Amino acid sequence: MSAKIISGTEVAKAIREELKVEVTELVEKHGITPGLVTILVGEDPASQSYVAAKNKTAHALGIHSEQVTLAADTTEADLLTLVDKYNKDAKIHGILVQLPLPKHINEANVLYAINPDKDVDGFHPVNVGKMVLGEQCFLPCTPHGILELLVRSGVQTSGAEVVVIGRSNIVGKPIANLMLQKRAGGNATVTLCHTRTKDMAAHCRRADILIAAVGVPKMVTADMVKEGVAIIDVGVNRIGMTEAGKAILAGDVDFESVKEKASCITPVPGGVGPMTITMLMKNTVQAAKIAAKLI
Ligand SMILES: NC(=O)c1ccc[n+]([C@@H]2O[C@H](COP(=O)([O-])OP(=O)(O)OC[C@H]3O[C@@H](n4cnc5c(N)ncnc54)[C@H](OP(=O)(O)O)[C@@H]3O)[C@@H](O)[C@H]2O)c1
């Protein structure tokens, strides 16, 4: 059996079409243009390309988008002043500070300074707390994108054995938490694995849905999964360069071998990646609606 490919590119495209309609309605009926600012400190090429992609997508959807790039030696105090400026700017509904920040800046200080109502990355403790409680909040973009992929691809999560590999604050912990909740894309029985897990392969082989967010290329191999498993591969690992100087990417799952056993699988690239940016846009539109008391 060869798995059905879950195309994040296609699902993201459908959600972006829905968002375009929402943005047009906000502008035409309520005179509100959702606004997003992205703040980048330094010149890390990967971060530059992520921020550029976010701004390009925002423009394409009719979202007002501002991009601020600061020198790598910007002080934490200056960055906090800028965040505060955008907290007070009524045109801006979402603030995204691109991570990682340079080492001399305390990331938590900066993330916690963002007004939770503009925290479209969903990293502020107020939003994290509300997420855990199952309350309305901004969900972190990558886990939110995974949920949408599962739901829109018709993967049954209720009662499913879900194994998540990786316990980071931005992917592993939140997706494990969301899949436990009593909601669409939830009601699963979840196991969270990490570097101290004993016999990880045994856990993986029990999974009806396996989510790999590790950062180790092709770590999950065919012998570690059962027939019919649904695979979400979050990993984005640069494993080489083409002659044209383009990065060659691999996921955390050995796609070629695992796709022969899985019922469905996300590719890398074109799986979770496009969903992450799309959910940032969804959160920005939601933030604009909340600011206008429309929801
Ligand atoms: N597509 C997207 O939009 C998107 C978004 C975010 C991240 N990513 C990608 O997803 C991957 C994970 O990102 P992240 O930020 O969550 O990474 P991270 O913060 O580095 O966390 C990695 C997690 O994997 C665990 N781990 C590492 N090696 C392991 C091993 N050999 N066995 C078991 N567990 C292991 C670590 O365990 P310990 O906690 O025990 O150290 C940790 O919990 C990366 O490739 C990243 O580029 C993609």
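Is Ser-65 buried or exposed? In this predicted model, Ser-65 is buried, because its relative accessible area of 11% falls under the 20% limit. The residue belongs to strand β3, which spans residues 64–70. Its side chain is engaged in a polar contact with the side chain of Asn-55, at a distance of 2.3 Å.

The ligand occupies the largest pocket. Around the ligand there are 22 residues, of which Arg-167, Ser-168, Thr-195, Val-236 and Thr-276 come nearest. By residue class, the shell comprises 11 nonpolar residues, 10 polar residues and one charged residue. Among the secondary-structure elements, helix α10, formed by residues 272–291, gives the most to this shell, contributing three residues.

Several protein atoms lie opposite oxygen atoms of the ligand. A polar atom in the side chain of Thr-195 is 2.4 Å from a ligand oxygen. The side chain of Asn-237 also places a polar atom 3.5 Å from an oxygen atom of the ligand. For Val-234, the atom concerned is a backbone N or O, and the separation from a ligand oxygen is 3.5 Å. The ligand taken alone exposes 930 Å², and the protein buries 68% of this area.

Two cis peptide bonds are described here, each preceding a proline. One joins Leu-99 to Pro-100, with omega at about 0 degrees. Pro-100 is located in the loop that runs between β4 (94–97) and α4 (107–113). Another links Val-268 to Pro-269, and its omega is near 0 degrees. Pro-269 is placed in the loop between β11 (264–265) and α10, the helix that gives three residues to the ligand shell.

Positive phi angles occur at residues that are not glycine, including Asp-199 and Lys-293. At Asp-199, phi is about 50 degrees. This residue lies in the loop between β6 (189–193) and α8 (200–205). At Lys-293, phi is about 55 degrees, and the residue is found in the segment after α10. Lys-293 is classed as exposed because its relative accessible area, 73%, is over the 50% limit. Ser-65, with a value of 11%, is by contrast buried.

Note on methods:
Residues are numbered from 1 along each chain as its sequence is written. This is a predicted model: local features need pLDDT of at least 70, side-chain atom pairs count only at pLDDT 80 or more; totals for chains, interfaces and linings use all residues. Side-chain values use heavy atoms; hydrogens and water are left out. A residue is near a molecule or strand if one of its heavy atoms lies within 4 Å of it. A polar contact is a pair of N or O atoms within 3.5 Å; within protein, one must be able to donate a hydrogen and the other to accept it, and residues adjacent in sequence count only if both atoms are side-chain atoms. Accessible areas come from the Shrake-Rupley method with a 1.4 Å probe; for residues, only the protein chains shown count as cover. On a 1 Å grid over the protein atoms alone, a cavity is a set of points where a 1.4 Å probe fits but cannot get out, and a pocket is an open set with protein on both sides within 12 Å along at least five of seven lines; lining residues have an atom within 4 Å of a point. A molecule sits in a cavity or pocket if more than half of its atoms lie within 2 Å of its grid points. Helices (H or I, at least four residues) and strands (E, at least two) are DSSP runs, numbered from the N terminus. Ala, Val, Leu, Ile, Met, Phe, Trp, Tyr, Cys and Pro count as nonpolar, Asp, Glu, Lys and Arg as charged, and the others, Gly among them, as polar. Buried means under 20% relative accessible area, exposed over 50%, partly exposed in between (1.4 Å probe, protein chains only).
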